[in-house]
Amino acid sequence: MLRAILARIKQGHRTMPYPAAPLKMPERFRGYPVQASLCKSTALSFAAPGCPYGAFDTAGEGSLDLGKCLFCAGCQAGGVEFSNDFSLAATRRENLIVTPESVRCRVEPLSKELLKLFGRSLKFREVSAGGCNACEADINVLSTIGWDLGRFGIQFTASPRHADGLWITGPVTKNMHQALLATYEAIPSPKIVVACGACAINGGPFIDSPQVLNGTDAFLPVDLYIPGCPPHPATILDGLLRLLNKIG
Amino acid sequence: MRNRPLAIANGSAVPFGDIPQFETSIFLETILDATAHSWNVSAYFGMPDRDETTLLCVLTRHTEGVIWVVGAKTREASFPSIAAICPQVQLFEREIAEQCGLKFNRHPWFKPLRFHPSLVPGRDAWGRKSGEQPPVGVMDYFQVTGDEIHEVAVGPVHAGIIEPGHFRFQCHGEEVFHLEISLGYQHRGIESLLQGGPHPATLRQIEAIAGDTTTGHAVAYCMVMEALSGIRVPPRGEVLRGIALELERLANHAGDLGAIAGDVGYLPTSSFCGRIRGDFLNMTAALCGSRFGRGMLIPGGTRFDLTEGERDDLLARLAEARVDLAGAVNLLWDTPSVMGRLEGVGHVPLQTALELGLVGPAARASGIKRDIRNDFPYGIYRMTNIPVASAFHGDVCARTMIRWQEAQKSMDFVEEQLRQMPAGNHAAKEPCSVSEGKIAVAMTEGWRGEICHVAVTDASGKFSRYKVVDPSFHNWPGLAMALREQQISDFPLCNKSFNLSYCGFDL
């Protein structure tokens, strides 16, 4: 017992001050693209190999679809630059498409009625539908003492009956389609849907595999898209806090 | 025709024509004879053609570090099963049946594995309709009958933020007589996607075979590509890969130690380790920008180099994490209520572990000294030795202690490598051109154990078959055996002590 107390003192208080204080990201972290870098010359130099996931559209001025982008650094050689900005989530699918002129649209807060219901307590049922355990792992990280998601009133629950929303990871495999829909049905209305990671948004690296359904968009109404492969915990938290109108 | 199996080195390629094609009886005898003499089946798969199927088996012997490849061809619709006398191939035979539509006669558990349509149109081992997705999880489960026997079904969706899978327990009161695990929910069709490659997307798909083993699988793929194109990785690249591999092991082992503590209700270690795991992930992010090592590797080396300042920063963070992790984990061994819950639970005897062909920490916890880094050294492990930790109890406690011992060795390794980084380039410059008509075998030691990739190229240098074997493929039956005669309430603890990958199995 004494040892446990001593260890507790040595480990110290480790919950990060974010969002009160800014968060330092690793230097090589690839976040929101530098819009100016998506210019015509980049499009030309990058046109030959192309983006294998169809994230970079070389037609016209060149645009990057954050919903398809794996932030894999493959196109950095072609001239696409990424900033350190981790705020990537969006409420509308089309807002994930970045062009040199596009106006940045971040997550819009929930409606007044939903904020009244979920603003102080929001519970999710997570379903991995073909997720590779990277998204899942970094969602779990949010519940550790470093991030302490609970301090914002957000939690992941075991039962869909206790949940206010469905949290989806993975490209939605054919073999998980039914279980995913059953879980959605089991959540009482009103409910929200979060597509977390490139797979859940559009199929990620498995886009167009005959065994996957290319994400959730085709059959569930998505309220929050969180890009990344996997999304950094900071990206997830930023999206959630904006959705609940806790930062903005 | 050669009458002896072909011995090849880890991470090398040979002409496909050199692989001996045996008659069925000799092929099966070779596998049976080898496995009876402590060889392991590292991969066993089929390459379906229009009217015949080529079967290839990769056998490995850890004591001498020898890899054998043997082949056989069949034009029949069925093939003899040896699963009843060689449990190591039980899942492999079902996998071949499902993929190639080859029926295995007298297989004791002949049922689908991942519930996808056969890859050969019109040929199905169970006579199902061509092209239709079979209903997942629908099969004959092994049943125990009798008074007071009841069945517990769990999944596919589980209580936590984890992947889906279905578990069937046959119980007598609280006691589990038998557990059957049925997976396939995560099947994304990876091997079909890899066929005809390498495609531009191939490496990203390999990285997502099992997201927590991104580097382990990526290294295996890069070794295959380097063997097929004759590229040599510069020493600095090998060192960076080794560091990334060990950081991946550290993050997962730290996370598992915390999760095991959490499952026995010991919160101090659970909460400390949850955070420390993140420290190791952040070190990987310092290397390449991704906490999971995405985009770190390229065939020929690594995409990113490490500056001196970054190296010093990593060393400082490693020293800090070492103190934190030691403080958190050592609490476990000093707490009788924790040890009481870990010891004697989920026991897998040495004999069972050998027969099932377990790999990684699960095998080492049951007393099998088996580690690819040591037995089939590759990359930087050819130059430096990581001691193999092993225990003999085979219970949850042994699997927990192994993780801590390995974590310490990994921290020593990373520190040593950071201090003596070789100068020079971190990646070879040559472009990749894959040679034709070859077979390449690459094995790495992921944090869960042996990862085996086998690539066969056709006459135009494309993958005519790319086989991936994740360590979880070997180890899921180990978890089922660990549950025998245990309390069903100990399932989460036993499960966590293995912490296997669903998607790595499902591919």
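**View 1. Helix α6(B) gives the largest pocket its biggest share of lining, with eight residues.** This is a predicted model, and we start at its largest pocket. The space inside comes to about 1300 Å³. Around that space sit 45 lining residues, and N140(A), I161(B), I162(B), A259(B) and K496(B) are the ones nearest the pocket's centre. Both chains chip in: α4 (134–142) and β5 (154–156) of chain A each give two or more residues, and so do β9, β10 (166–172), α6 (235–263), α7 (267–288) and α15 (491–498) of chain B. Sorted by class, the lining has 20 nonpolar, 17 polar and eight charged residues.

**View 2. The largest cavity has a volume of about 180 Å³.** Here we turn from pockets to cavities. The count of cavities of 30 Å³ or more comes to nine. What lines the largest one? There are 18 residues in its lining, and those nearest the centre are F29(A), P230(A) and H232(A) from chain A, plus G289(B) and S290(B) from chain B. As for their character, nine of the lining residues are nonpolar, five are polar and four are charged.

**View 3. W109(B) and F142(B) form a stacked ring pair.** Searching the whole structure turns up 21 aromatic pairs over all chains, and this is one of them. Why does the pair count as stacked? The ring centres are 5.7 Å apart and the planes meet at 25°, and an angle under 30 degrees is what earns the label. Both residues lie in the loop between β8 (103–105) and β9 (149–154) of chain B, and because they are 33 residues apart in sequence, the pair ties together separate parts of that loop. Neither ring's residue is fully tucked away: W109(B) is partly exposed, with a relative accessible area of 24%, and F142(B) is partly exposed too, at 39%.

**View 4. Y221(B) and Y466(B) make a tilted aromatic pair.** Their centres are 6.0 Å apart, with 50° between the planes. Y221(B) belongs to helix α5 (residues 214–229) and Y466(B) to strand β16 (residues 463–469), so to speak two distant parts of chain B, 245 residues apart, linked by one pair. Are these two tyrosines buried or exposed? Both Y221(B) and Y466(B) are buried.

**View 5. Helix α14(B) is largely enclosed by the rest of the structure.** The helix covers residues 471–482 of chain B, twelve in total, and reaches 17 Å from first C-alpha to last, close to the 16 Å expected. Ten of those twelve residues are buried, which is why the helix counts as largely enclosed. Among the buried ones are P471(B), F473(B), W476(B), L479(B) and A482(B). W476(B) also belongs to an aromatic cluster, together with F167(B), F169(B), F491(B) and Y502(B).

**View 6. Two arginines sit over aromatic rings.** In chain A, R104(A) lies over the face of Y32(A), 3.7 Å from the ring centre. In chain B, the charged end of R114(B) sits over the ring of F505(B), at 5.6 Å from its centre.

**View 7. G446(B) and G216(B) meet across a long stretch of chain.** The two glycines are 230 residues apart along the chain, yet their C-alpha atoms are separated by 4.8 Å. G446(B) is part of strand β14 (residues 438–446) of chain B. With a relative accessible area of 1%, G446(B) is buried.

How values were computed
Residues numbered from 1 in each chain as written. Chains lettered and ligands numbered in written order. Predicted model: local features only at pLDDT ≥ 70, side-chain atom pairs only at ≥ 80, totals over all residues. Heavy atoms only, no water. Phe/Tyr/Trp six-rings, centres within 6.5 Å; stacked < 30°, edge-to-face > 60°. Helix = DSSP H or I, 4+ residues; strand = E, 2+ residues; numbered from the N terminus. Buried < 20%, exposed > 50% of the residue type's maximum accessible area, 1.4 Å probe, protein only. Lys NZ or Arg CZ within 6 Å of the ring centre and 35° of its normal. 1 Å grid on protein atoms, 1.4 Å probe; cavity = no way out; pocket = protein on both sides within 12 Å on 5 of 7 lines; lining within 4 Å. Points joined across faces, edges and corners; volume = space filled by probe spheres on them. Nonpolar A, V, L, I, M, F, W, Y, C, P; charged D, E, K, R; others polar. Expected span 1.5 Å × (residues − 1).
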